[in-house]
Each structure stands twice: as structure tokens, then as C-alpha cells.
Amino acid sequence: MRKYLFFLLVVFTGLIISARLFYLQVLDTSSQISSQNNAVKKVFDYPQRGFIFDRNGELLVSNQPSYDVMVIPKNVDSLTPDLKSEFCELLKITEEKYDKILKKAIIYSPRLPSVVVSQFTKDEYAFLSEKMWKYKGFYIQKRSLREYQVSNAANVFGYIAEVNKTIIDKNPYYQMGDLIGKAGVEMEYEEILRGKKGVKHLQMDRFNREIGSYQEGVFDTVPINGKDITLTIDSRLQEYGEKLLINKRGGIVALEPSTGEILALVSAPNYDPKILVGRERSKNFTKLWYDTISRPLFDRVLQGEYPPGSPFKTLTALIGMQEGVVQKNEKLICQGSYNYGGKKKLGCHLHKTPLNLSEGLANSCNTYFCKIYKRTIEKFSSPQEGIDNWRYHLASFGLGNYIGYDLPPGKKGLIPSSDFYNRWYQYPKYKWYASATISNAIGQGEVILTPMQMVNFTAAIANRGWYYKPHIIKKINSVDTIPSKYTNRYNTTIEKQYFEPVIEGMFEVYNEGTAKNIQIPGVEICGKTGTAENYTKIDGKRVQLTDHSIFVAFAPKENPKIAIAVIIENGYWGSRWAGRIAGLMIEKYLKGEITRTDMENFVLNGSLLEEYKKPYSGKPFKINY
Amino acid sequence: MLIAKGSKYDWPTIFIYIMLVTAGWVNIYSASFNEASLSFFDVKQVYTKQLMFICLSALLIVFILAIESKFYERFSSVIYLVALFSLLGLFFFGKNINGATSWYAIGGFTIQPSEFAKVATALALAKYVSDIQIDLTTYQDQLKSLIIIFLPAIFIILQPDPGSALVYLALIFPLYREGLHGMYLSFGFIVAALFVATLAFGTIWISLIVLLIIGILVFKTKKKSIVKYGVLAVACIGFSISVNFIFENVLEQRHRDRFNIVLGKQVDTKSIGYNTNQSEIAIGSGGWTGKGWLQGTQTKGKFVPEQDTDYIFSTVGEEWGFIGSMGVVLLFLTLIIRLLILSERQKSQFSRIYGYSVASILFFHFFINIGMVSGLLPTIGIPLPFFSYGGSGLWGFTILLFIFIRLDASNYINH
């Protein structure tokens, strides 16, 4: 017994220790996680965001270094009152604010850096960096922000901002503090512009200090720079468009019909993209965000839905001819109004009669288009079939649905279907007929379109029957392709031959008709004015406002180089504002200079601000004068 | 002749010794490695110093084996006295490091006499007990043996270095082997068990359990031993109460914390529990096969304090995994068992007692150290033999072991 007791004890102890090690190392995996958490830190290396150029190679958006003053609270010596007030003056903050920031930093972590004041400019940095040595524990960290070379196209560029929790949860690529494109091209081409951040795994010691790379960096990745992109935008045209829209609300969108490239995309009111960079960013953004009256962040071209008014007659004409319910030479009589069986007649204005199709367009005769619209619908045995067939043709122009351009915001507009009217009129309890939808013929009633949809159908007319989807991307640098949906041609359901009489009519609008006031020497424009009734609600009552001024056009007549749609909210008749602006834009693009300076002065000096105040004045007001 | 006798040395033991020292150095290299200084011959580096200590150990071994084995028996009393004086001298000339005056500083080096005093005590004990006139069944001789053991221990406690002193308890085992009544060991176990159980469950529960067990014993045996069991019961309960009293009033808060953490009564990963917690994380993160030499993230991050000395085993755990840890554990177990077997075959009682002492001391160090590092035992700072960084420790254990190898060899020749 005396010989073996100790021997047994040794064996027994050996078993206990083996069991303990087996538990710690094999059964219990929690240590592996704790180990990874406290010993290895990931540090990200941010790549340069891609630049943005315009179609002529002009640099629009680049990057600028921005400087944040950081602090590691542990290393801070308490400042003497003199030094402190001097430092606060440098940082442009009050001493109370300084104390608050420092307290917050300590609570966050005494050992890790916190931001004291962010986004100093290059000049401020130069000044600051000379004095930083006086303040122990503080240092300046460089970051990369956007630098805008132009003061326009903010709605096209969009902006970048720090990711929020929702994005982080959805996409594991992003981490707190990362920047992401939140609107416009920055959002649409986020993955191309941002590149890919690199990651370094650092071995940490127990004081959370870096002591080298983890496993000689086998898990590390190198950042991949973002790619530069070239937009289809013509920067000079964009700038000019924004200038023309000063003191007006509305939108201008211009395409190159032969490619679908967006030449200008102007929404007014707008803002200078530069104000969303730097220390004033959040103040400025809040101001834009809460301006619910002029809504500068609302893109009127992409998100604004308007009754198209008379320009829609071109489509009524095309569908009528395609369906064989009217010949281009057939003359119809207008008696100054159209009686469709409703409570009152649909009015028309004074013009010669009878008219053929081109003359109908040139004079914008309501009666003419109501008649052929009715024939188009009534060609079928039921109005449901008629409406759906009409809608089928319109859909081929990209109307009534998202067109598929490469910018984030969008609206479908509305091309009503038979289901829409069945619900509206509670079919089959009540029946409805073509005449109930007659306003569609002239682009009023239920039809609504975005300016982008208007310019798209105009481009399709300019091309005599086909279009490319509008797009803003011209080239992704170092990748020569753009998404294939922008290089596919989309055909409309209308045969080529039917476009000539419509184009002839649009040319007459400019030559002899409602838009002859905008004639520009040496430029053959085909256009169509529109004057759209619109309503708002004041104290729950539906109130009519001054009509929207609308104009769609393309030029030149043969081999069109530009298609354009302009809408000026509450601008009254079509050629008053929209026509003139479209004319100026076309001349600017085609000729590079303005000969109609009288017209230019009228637009530049004109303001609709008084008009926009009316609904908010609280007093009764007159419209359309 | 040294060479001729060479074949008589116990090569398995020497082989295990070489394995342990080598493995120890490899892990010290990893634990103290820093990428800033790659110079191998930088004498400021811990691993370079340890390599020097190892070389010096080789020299020591040659000396120890060269000396006639009778010398150790004959001069054991002198060696013991020298050791006692060196411990006493600490109170006058010692250097205070980390709160304990356990070192002599000579030039740039420090020497810790308590590491060598173990050898001296084992020799003195073996010499005393092997005397033909000594009878361990008599109280007088028992007392003298215990004085030999506990005199240096008391000096060490006063330094204060209670961890190193605790190891002297190991020398009870050779006494038991030589005839000390089993009661002492049982007493020791009961005291230890009552102590831990009281802290874990409280005096009331322990009293109830003690009464229950003794009640059963009384019921099963004859009535005449009732008084004896009664006294035992009162003693146990009294001890349990006094443990509570000592724990709350005599021990310092840091000692209380150490016990409470191991007993799971107190969760603490930051201050006092930091060492144990980080050590467990390091060992646990090794998994089956470990992260590989120099690849331990916890080791590189220096998360485990004292990792090259008392906590060296956490590096083994992290970088070599369960397989590597078990390798080290098995080496120690094999060494201890090998020493026991060798002791039993010794002709002279002196050699046997000494061998038993060596095995007991190594066992205590091994169990307490690995128990502490893996979170089984409270924090008791003693090194892992042959493994931990430190010249005094390495030399102390080397001398301890090789004196026995020398004794064993001469024993063989006599045969």
C-alpha cells in the first residue's frame, strides 16, 4: 500500500488534468472566439472613389482630401486655459463644446481615436497642422470626400453619405462610418465608383495596440480603386438649362434620339452640389430635406408626374393611323367644340376647318383628336378591348411603366387600362364607353407622364418608330461596355410610314402654329406645345391652378440630334415658357451659341415666384392670366 | 571513470529531461519573441538568456555526475545548513522583486535560493530518515523530520512567497513511504477537503454532511468508538467554522479573490481573474492541433501575463493544441513514474527517500502549475519544472534530478 499510493495519485491527477485540457481545448469552443476577438483587429484601407466625366471628357466630380481632427483621450495632457481657448478658436468651437466632445470621447474609449471636429478643408488644414504639435493627444486624419468641379447637375450626381444601420444589416460589405452613394449616379453606380476596400488583419496586444500583421498578412487584401465613369451629360448644356430655370419650377430633359443618351437632365429648383460637402453638410442637407414647398431634392424630370396635355395628340394620331381608323389626308370638321355626351362640351379654340392630320396637330384641334381617339376605341366590340389595345401601343413607347433608365428615382406615370376603368366605374354594375375616357385623346384626364417619358416618346417619333432606353452612362472607364439594355433597340408598334404626317404636323407647329414665336434662324424644329390643366388641394378643397407650360420637340427634322421635353409648372400656355426654353436649349446644343437673345433675356429675367406664392397666400387668386 | 560509468546512468530519465528542456525553450522563444528584435544573440532577449542557462545546466550536470555519490549523503547536513543560512541571509541582503524578498542580486544576475533549498531539504530529510536509529512511528522522530521539512518552508513564507513554501508539503509523501502513519496524510486530505468544501458550500451544509457520514460510521461499527467519532465530528465542524473565520478575517482580499474565482463564486475577467481567464482563452483557442509555433495570437499579443515563466504552459496549449499539451503532460507523468520505479529499486534507503522526494516535488510543481494555468486551482505562482524561464529554477530542478541520477548510477555499480 505504501508503495502504490503515490503512484495511484500521480495517475489519478494525470487523468484530471487530461480531462480538463480536453474540455478546454476540444469541447469548449468559446475560447476560440474570444481569442479572435481580443487579439486580431481588422483595419480597412479605403480606395479612391472613381471620378465622373461629362460626354466631352470634362471632369465633373473628383475627390478632395478632408481633414478630421482626432483625439486619443489617454494621451491628452490637460491644457492650460490660454492654450485651450486658443485651440478652441482654431477648431472653431466653443470651450463648452470642446469639454463635451472630450467627455464623449473618453466614454467611447480612452485608447481609441474619436473625431473632435471633422471635415476641415485643405487651407484650414495647412493652418492647423502648423499648430498641432502644441496639443498632445490630438492629430489630424486625412479622409477622401467628393470635390465638385461644377455647380450644377446635383440631381444627376446624387450624393454620398455615411451608411446607416439598415444598409449595414443588408450588405455586410459596409461598416459603421463607411460612405455610400445615396442618390443619383453615386447610388446607381456605387459598386463601380467605390471600388473594393482592402483589409489588413493586425495582431493586437493586451493594451489594444497594434504589434504587427496577423499571420504575415495572408488574409489581407489590397484595396481596388473605383473606376472612373463618363456620363452622357453635356455639362455646358446642363449648366445652361439650370440657368434658364432660375426662379421657375419644372424640368428639362434632352436626349440624343439616335442613342438614348441623356444630354441634360435639369430639375428646378436645385442646389449646388458643393453645399453637401464639408462642415456645413448636415445643416444644408436638413434645409433641403425640409423644404417641402419648393422641394429641391425632388427630381421633377424623373419623379414628377404631369398630365402631358397636347403633345400626347401626336400619339393619338399615330395609334389612329396604325389602327386604320383615320387616313393622313382625311379632313375632319371642328365646330369649336366637341360634344361627347357629357354635361358640357369639350372646348376647342378658333382655327380653320376642316383639317387633315398635320393641320390638326399644327392647330392643336381638340375635336380632331377626340374623334379619332373615339374611333380607335370603338373599333373593338367592347371599350375594354379598345382601351387595352390603345394602352398596348402606348406601352411600346415606354409609357405607363418604368422606362428602365439608370438613375434611382422613378415613377410609372399612368396609362389607364380597362381594369382601371372597370374599378373606377364599378363595372359591370355600371357600364362605361369610349366617351367616358375622351380626355385621354388630348393628354388630359387619367393620363399622366413623367417628363422623361415625354422625351422618350418624342425621341421615338424623331427616330420614326424606335428608341434606345434613356441612359446616363456613356462609358465605364477601363471597361468598354455599358449594360446591354442600353444598346438594344426597342421598336414601337407603329409602322414607320405613319410618322411622317405627324412629324410634318410638328414641324408646322413651329413653322406656322402654336410655337412659331420660338423660331430660330437655320434650325428646323419639330415640336408640340402643351397647356395642361392641374389642380391642388387647399384646405381639403380641389382648386385649379394656372396651367403647366409644356413643350416637346426634336431637331433637326431630318437626322435629329436632340429630343427635348420641357415642363414649367404653372407657366400657362406651352410656348410661353416651355417652348422658349426648349428652343434655347436646342440652339445652344446645335449651334453652341444663342442668336435669339431677346428670347434668352425674356427667359432669364422671367420669374414665376409670384405665381407659386398664390396657393399659400391664403387669399383667393386668379389663374391663367 | 565518468565515461565508463556513463552506461549505468538512467538514459530514459535523461532523455525526458532533454525533451522537456528543449520543449520549454521552444515555447519560451515563442512567448518572448518580438519581431522588432530578430537578433538571436541579443543577450537582453529572454530566449537567449534561457539558452545560456541551459548551457550552464549542462556544465552543472557534468559536475554533479563527476562527484562521488557518497559525497551527497555525507555532506547533506552541511548543504542543508548552507541553504538555511542563504534563506536567512535574504532578510538582510535580499532583493525585493514583485513584493517578495526572494532574490540575491549578484552583478546583473539574480539568484533565488528557495529553488536550491528544495534540493538541500530533500537531501537532509533522506539522510535523517535513513539513519538506522530513526523510527518514524515515534512522535519525537516524526517531529524532527517535520522540522527539517518546515524550517526552510517557514523562512520562505516570511519572504513572503507562500507558493514556493507550499511545495514542501510534498515531502510528506516520502515520509509516508518510510512508515509515517497514514493518519497524517488522511488528516491532510480531510483538512484540504473541508477547507475547499466550506468555502464552496458554507459551514452549515458541511456540518450536516459531516454529522451524516459520522452517524453512518457509528451505526456500522461497535459502540465503544462513539467517543472517538464524536471528537472527530466536533473537530471537523470546528475546523469548518474556523476556516470561515480565517478566510474572512485572516486572509487578505487578494487571497479570497483567488479562491472565489476558482470556485466560480466570483466572475472576474479584468483584474485578479485576468490571468486565469486569459490563460484559459489561450489554451482553449489551441483546439486539437494548435495554431502552430509562433502563430499564437494570444501569445503574440502578450495577453497572458508572466507567460514565459509561470504561465508558459498556456503557450503550449495555444500553439501546439491538445495533442501538444498532452505530450507535455505525458512526459511529466512518465518522468515522475519513472522516478518512483527507480526509487523502489534503490539499495540504500538514502537514495530511495531522496528519489521519492524528487518525484514528490516535481509532482507538486507539475500539478499546481498546470492546475493553475488551466483554471483548476487558485493562482499559486510556482514554475513548471524544466519549462519555465529562469536560471535559478532550471538549475535547482536540474541539480535535484541529476543528484538522484548520480545516486542511482552508483547504486547500480554496487549491484
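# A tour of helices and a chain contact

In chain A, select α19 and helix α20 (residues 597-605): their axes come within 10 Å and cross at roughly 125 degrees. That angle makes α19(A) oblique to α20(A). Keep in mind as you look around that this is a predicted model. Turn the view until one helix lies in front of the other, and you will find that the crossing of α19(A) with α20(A) is left-handed.

Now show the side chains where these two helices touch. From α19(A), pick Arg580(A), Ile581(A), Gly583(A) and Leu584(A); from α20(A), pick Met599(A), Glu600(A), Phe602(A) and Val603(A). Colour them by class and you should get 5 nonpolar, 1 polar and 2 charged residues.

**Second stop: the other partner of α19(A)**

Keep α19(A) (residues 575-591) on screen and add helix α10 (residues 235-244) of chain A. How far apart are the axes of this pair, and at what angle do they pack? The axes are 10 Å apart, and the angle is about 155 degrees. α10(A) and α19(A) are therefore roughly antiparallel to each other. Their crossing is right-handed.

To see the contact, select Leu237(A), Tyr240(A), Gly241(A) and Leu244(A) on α10(A), then Ile581(A), Leu584(A), Met585(A), Lys588(A) and Tyr589(A) on α19(A). This group is made up of 7 nonpolar, 1 polar and 1 charged residues. You have met Ile581(A) and Leu584(A) before: they also belong to the contact with α20(A).

**Third stop: a covered helix**

Next, select helix α12 (residues 313-322) of chain A. Is it mostly covered or mostly open? It is mostly covered, with 9 of its 10 residues buried. Among the buried ones are Lys313(A), Leu315(A), Ile319(A) and Met321(A).

What surrounds them? Add the elements that the buried residues of α12(A) pack against, including the helices α13 (357-363), α14 (366-378) and α15 (383-395) of chain A, and the strand β18 (526-538) of chain A. Before you leave, click on Gly324(A), just after α12(A), which takes a positive phi of about 75 degrees.

**Last stop: where chain B meets chain A**

Finally, show both chains. The contact between them takes 35 residues from chain B and 31 residues from chain A. On the chain B side, elements that give two or more residues include α9 (172-177), α14 (274-284) and α17 (349-373) of chain B. Which element of chain B gives the largest share? Select α16(B), which supplies 11 residues. Colour the chain B side by class to finish: its residues divide into 17 nonpolar, 12 polar and 6 charged.

How values were computed: Residues numbered from 1 in each chain as written. Chains lettered and ligands numbered in written order. Predicted model: local features only at pLDDT ≥ 70, side-chain atom pairs only at ≥ 80, totals over all residues. Contact = placed C-beta atoms within 7 Å. Helix = DSSP H or I, 4+ residues; strand = E, 2+ residues; numbered from the N terminus. Nonpolar A, V, L, I, M, F, W, Y, C, P; charged D, E, K, R; others polar. Axes fitted to C-alpha atoms, helices over the stretch in contact; angles between N-to-C directions. Parallel < 35°, antiparallel > 145°, perpendicular 65-115°, else oblique. Left-handed = near helix turned anticlockwise from the far one by under 90°. Buried ≥ 20, exposed ≤ 12 C-beta atoms within 10 Å, placed from the backbone.
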